[in-house]
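Notebook open, coffee ready. I'm jotting down what I looked up, one entry at a time.

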Amino acid sequence: MIRKNIRSRRARETRLKIYGISSICFALIMLATLLISIGLNGYSALQQAYFKVDISVNTEKFVDERDFLNNKKMNLFNWDGLVQSALREFFPEVKERDEKKELFAIISANAGYDLKEIVKKKALGSGSHTLSVWLHLSDDADQYLKGRLSIDIPEEDRRINNKQIAWVNSLVERDIAKLKFNKAFFTSADSREPESAGILGSVVGSALTLFVTVMFALPLAIMASIYLEYFAKPGRITDFIEVNINNLAAVPSIVFGLLGLSVFLSTFGLPRSAPLVGGLVLGLMTLPTIIIASRASIRSIPPSIREAALGLGASKMQAAMHHVLPLAAPGILTGTIIGMAQALGETAPLLMIGMVAFIIDIPTTFTSSATAMPVQIYMWSDSAERAFYERSSLAILFLVAFLISMNLLAVILRKKFEKKW
Amino acid sequence: MPNLPMSLVFFMLIGTSLFFYFYSKNNILKKAAFVGQRSKALPSHYGQQSFLWAFIPSTIILLFLTVGGPNYIDQLFYDKIQESNPKLNQSFVSLILAKVINVSNGKIATDDEKILTLASDYKAAIDQLYFYRGLVVILCAALVGMFVSSLQSPRANARENVEKFIINIFFVSAVIAIFTTVAIILSLLFEALRFFSLYNFFDFLFGLHWAPNVAIRSDQVAAAGSFGMIPVLVGTLLISFIAMCVAIPIGLFSAIYLAEFASPRTRDFVKPTLEILAGIPTVVYGYFAALTAAPFFREIGFSLGLDVSSESALAAGAVMGIMIIPFISSLSDDVIRAVPQSLRDGSMGLGATKAETIYNVVLPAAIPGLVGAVLLAVSRAIGETMIVVMAAGLSASLTVNPLDSVTTVTVQIVSLLTGDTEFDDIKTLSAFGLGLALFFFTLLLNIFALSISRRLAERYD
């Protein structure tokens, strides 16, 4: 009887263990599914379909008196026509207007612009030149070559028709078109054409924003935590400050966006879409996180250090700034890195202050229009072209890899500087 | 007039203040030699005193002029445009003003003579403002610096003065937390009150129909928008409920296992891995929900003969639940480990198994903390934005069917405030009404959760 009872009691324990293990496994499997599915979606964006054309271009038309290429004259030239006629040489049988249009749809709409940029970069002298250049195929041809467009569905529902497929295949057979490393993804900003869209603009935007965030939040957090730990007199104001900090840490991030919209944009009249405003909003948002971490770090410094300094005649301020703060710095740094990782991944408040605009220039100042990496991911995954999905996935992989390494850095720093007093 | 941008003025300000730092530091030694005794504080303290007095007030003036000055000029030109064309309505005047500003900094070109003259006037006014801003700031720094350093005497303790000054700055930075809360409440309340002056408060709170489409131009014929928040609220609660159904059991069981059964090695591996799950940006979960989870649920529903919306509440809620798992598990883990070991030892000593100890002793002791953790998680789910923006729907239907598409408060705020909207529009203002509701709802949950957790901490101290 008792033995039977014991068996059922033990079984209960085993069940509890199984629940626990299976929940943990579920969470880990979900993490793996998330990363793997995004990885499978995104790895192919590392490559992009290019085609090679030999183009003869006479630069006499563009050079000015000093033998320099003139931008204005270059902009007026029909570069698209040059690329298109070069493409037509591969397919002399294409004569009709509609057919030509279909043919030109397999190359990037930006091909002419890209060619112009290549010519500009080479800084050719005056005269006639023949260049052999690799230009982007269109995103549909690219997706077809990567096997991402299924060709089983009826032709009229497809983004690429049978004729175009035949052309692309013939280019590939002649070794004129192939998949190469997608350089544009890392060196350009956003674009309407997926094949020329890159993350550099949003990476720079994120970097500018984070710089403002650190510059704003870190000094404030350090000063506030020293005040609260060493100088605040226990009382109603101090209690109220603490309640506020704890609450702000749990306020939804979108509310900070609303705050930024109505205070920074409409009351102060700061520019929309600017990293400055984004940084301030994210700074206000991460401030409580950093303050809580800094206070914990300051509190972990044994009081004896401070008392020794005070005993030798240091003032309270000197004891705090010269003795406690340097010892607490690694902990504060760890908290800051974690807060920055949080700010880097945040999207919602940036949507509110207009950092969601389509911006083709790489931002240069804190007040120029910019976007941030998570917002770029959001915008790309919202667009209709299939080719933007894979770019979105690849951008996610980079963002997540960067965030994980930030968090790892925080863990390593914590381990390295952790002291047992 | 010479061009003095903000950065240049700021560097000049730092330069001026540094000059007074070194000047006072040297000067106090001379003064001390003159009176024939050592100064009461270190020379650098006198330097710091001059630096702070020269730097801080001027920085405040600089910020004030930078933010307020252009606004003032904008207002002047706004009045000027309105005066010359009294018939124009307000939004048109703001449009012209925006054009003038854009022309004046060369962002767009125009042939319109009137705009060109206004733009050149505007540029002149801004240049003048920036010039005087630089002049005032540097002069202020120089005068205050001179005044303070000439008053310094070796008999006065500069250190005490400097420290008092710094403590006050520290106090202000601590009070920023209060300022932020107050600013959030005031800005939300202000815009929401403007909304309620256009739309009945009780219709907003208890209305059963949410359709924020109003006529864009006044001569356009369109249905008057209705702003009843009940469907939006129900959608939010439905998605949060689904998220909690996923997150609470999995989070809690993970926490129990990690706190009570797991070996230290497993713990060291699992905890950081779960933290990775917590560190993944919400936009990534949104991407996963919209492009992987939603089609997956749709397929399953299809094979079962169910009609699942492609923006189903189920997909958004389930993915949100996965996002919240690590939040609940790490908070509950802390709470369970905070239960004193003596309680466990007592229970085991009486012959209870580990499972019985957990069910009958540890969990009841930890209940307030666990409830707090769950409430914080609920508040997080309600305020979560990106997952629902990407995976939930836009149209507000009053339903609790998880297979249907519902909308949430945050989705509505984002869709009302992104894109080209005017600031005085009732649509824009309604977003602040929703924001206010969201803020108070989460605030109540947070305060309640924090006070419950604190009570637990006090019980076993």
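Entry 1, around one isoleucine. I asked which residues B:Ile387 is in contact with, leaving aside its neighbours within four places in sequence. My list has B:Thr282, B:Tyr285, B:Gly286 and B:Ala289, and then B:Ala316, B:Val319, B:Met320 and B:Met323. Note to self: this is a predicted model.

Entry 2, the cores. I met B:Ile387 again in the largest nonpolar core, where it is one of the residues with the most contacts. The others named there are B:Ala289, B:Ala316, B:Val319 and B:Ala391, and the core has 186 residues. I then checked which helix gives the largest share of this core: helix 7 of chain B, residues 230-261, with 18 residues. I also found a second, separate core of 24 residues, with A:Phe51, A:Ile106, A:Ala111 and A:Ile160 among them.

Entry 3, where the chains touch. How many residues does each chain bring to the contact? I got 71 from chain A and 75 from chain B. On the chain A side, helix 1 (residues 2-42) brings the largest share, 19 residues. I sorted that side of chain A by type too, and it splits into 50 nonpolar, 16 polar and five charged residues.

Entry 4, one arginine. I picked A:Arg3, which sits in helix 1 of chain A. Is A:Arg3 buried or exposed? It counts as exposed because just 6 other C-beta atoms lie within 10 Å, and the cut-off for exposed is 12 or fewer. Last, I looked up A:Arg3 and A:Ser304, which are 301 residues apart along the chain. Their C-alpha atoms are separated by 57 Å.

Terms used: Residues numbered from 1 in each chain as written. Chains lettered and ligands numbered in written order. Predicted model: local features only at pLDDT ≥ 70, side-chain atom pairs only at ≥ 80, totals over all residues. Contact = placed C-beta atoms within 7 Å. Helix = DSSP H or I, 4+ residues; strand = E, 2+ residues; numbered from the N terminus. Nonpolar A, V, L, I, M, F, W, Y, C, P; charged D, E, K, R; others polar. Core = buried A, V, L, I, M, F, W, Y, C linked by C-beta atoms within 7 Å. Buried ≥ 20, exposed ≤ 12 C-beta atoms within 10 Å, placed from the backbone.
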